[in-house]
Amino acid sequence: VGKGLNSDVIMLASINQDTGDIKLVSIFRDTYLNISERNQYNKINQAYAQGGPEQAIAALNKNLDLNVTNYVTFNWEAVAHGINILGGVDDIDISSAELYYINAYITETVKATGIGSVQLTHTGPQHLDGVQAVAYARLRLMDTDFARTERQREIIQACFKKAKTADFAVLNNILVDCFPMVAIDIPFADLVRMAQGITRYNIADTAGFPWSRGDANIPKKGACVIPTTLESNVIRLHEFLFGDEDYQPSNAVLQYSQKIK
């Protein structure tokens, strides 16, 4: 979970401690942004590859006018393991197109993680174990990477719903087992306190960034998602996360926006 690897999933979580509302925003991994202190422009997941979570957070902060201070980095094994401890997730509606591809992903995930599972046999709402849930969250061949991030947020919401009704012993078991499997800068004791108070939290809304976007095949960087424009998308992000209807982007964001344009 350190540098040298692209970040397959990038997600912001904003928690309003007064209301308990949580907002989740997927940052599309191919979004073309300023990824380093050397003003390099590339896909945002390259920031993690170059400098691990520290550089990834710094890139998100400067491109989106944020002040993210904490992170958790996980791999798919940790996700599958945690969901299995939770007892799986319920009511995930599998379409015909998803069923066509998902079993190959299940097989691949079993081989990569060493965690057992079984293949799916039918469409419609069903219970998924950890490996099946990971496979579902990785699907993108039948639609788009944007739709894939919607599936990832769907799995998170299903996990959160189940976690709110679970015994604390189950949540504590997830923390104890998964904490050594992730890179995190939040103290374990703080996570325990969050788990103890989980019922006061609610996932209020989710979205994908950038809302307004195009695409371009950029030499030596490949197919990129282009914010159109970064400035307008940052304004919308701050309205979505914080309810700020009159947000004015920083001069730095305006410069990045012009460069990307």
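In this predicted model, Arg29 is a buried residue, with a relative accessible area of 14%. The side chain of Arg29 forms a salt bridge with Asp145, in which the closest N and O atoms are 3.4 Å apart. Arg29 lies in the loop between strand 2 (21–27) and strand 3 (32–34), whereas Asp145 belongs to helix 5 (residues 145–163), so this pair ties together parts of the chain that are 116 residues apart in sequence. Asp145 also counts as buried, because its relative accessibility is 16% and the term applies to values under 20%. In general terms, side chains of opposite charge can pair when their charged atoms come close.

The loop that holds Arg29 takes part in a further pairing of this kind, since the side chains of Asp30 and Lys43 meet in a salt bridge with an N to O distance of 3.7 Å. Asp30 lies in the loop between strand 2 and strand 3 and Lys43 in strand 4 (residues 41–43), so the pair ties together parts that are 13 residues apart in sequence. Asp30 and Lys43 are both buried.

Another salt bridge joins the side chains of Arg138 and Glu108, with an N to O distance of 2.6 Å. This pair links distant parts of the chain, with Arg138 in helix 4 (residues 130–138) and Glu108 in helix 3 (residues 96–113), 30 residues apart. Arg138 is buried, at a relative accessible area of 18%, while Glu108 counts as partly exposed, at 42% relative accessibility. Salt bridges that share partners also join Asp8, Arg29, Asp145 and Arg148 into one network. Over the whole structure, the search finds ten salt bridges.

The residues of this network reappear in the description of empty space within the model, for Asp8, Arg29, Asp145 and Arg148 are among the residues that line the largest cavity. Rolling a probe the size of a water molecule over the atoms shows where empty space is left. A search of the whole structure finds one cavity of 30 Å³ or more, and the largest cavity holds about 50 Å³ of space. Its lining also includes Val9, Ile10, Ser26, Ile27, Phe28, Thr149 and Gln152. Strand 2 and helix 5 each supply at least two residues of this lining, and the largest share, four residues, comes from helix 5.

Elsewhere in the chain, Gln126 is found in strand 7 (residues 124–128) and is buried, with a relative accessible area of 9%. A polar atom of the Gln126 side chain lies 2.9 Å from the backbone oxygen of His122. When residues up to four places away in sequence are not counted, Gln126 touches Val89, Asp90, Asp91, Ile92, Ile94 and Leu120.

A final feature is the hairpin of strand 10 and strand 11, in which three residues lie between the strands. Strand 10 (residues 213–218) and strand 11 (residues 222–227) pair in the antiparallel sense over six bridges, and the bridge partner of Gly214 in strand 11 is Ile226. Within this hairpin, Lys220 takes a positive phi near 70°.

Conventions
Residues are numbered from 1 along each chain as its sequence is written. This is a predicted model: local features need pLDDT of at least 70, side-chain atom pairs count only at pLDDT 80 or more; totals for chains, interfaces and linings use all residues. Side-chain values use heavy atoms; hydrogens and water are left out. Two strands pair if DSSP finds at least two bridges between them. Buried means under 20% relative accessible area, exposed over 50%, partly exposed in between (1.4 Å probe, protein chains only). A polar contact is a pair of N or O atoms within 3.5 Å; within protein, one must be able to donate a hydrogen and the other to accept it, and residues adjacent in sequence count only if both atoms are side-chain atoms. Contact means heavy atoms within 4.5 Å. A salt bridge is a side-chain nitrogen of Lys or Arg within 4 Å of a carboxyl oxygen of Asp or Glu. On a 1 Å grid over the protein atoms alone, a cavity is a set of points where a 1.4 Å probe fits but cannot get out, and a pocket is an open set with protein on both sides within 12 Å along at least five of seven lines; lining residues have an atom within 4 Å of a point. Grid points are joined across faces, edges and corners, and a volume is the space filled by probe spheres set on the points.
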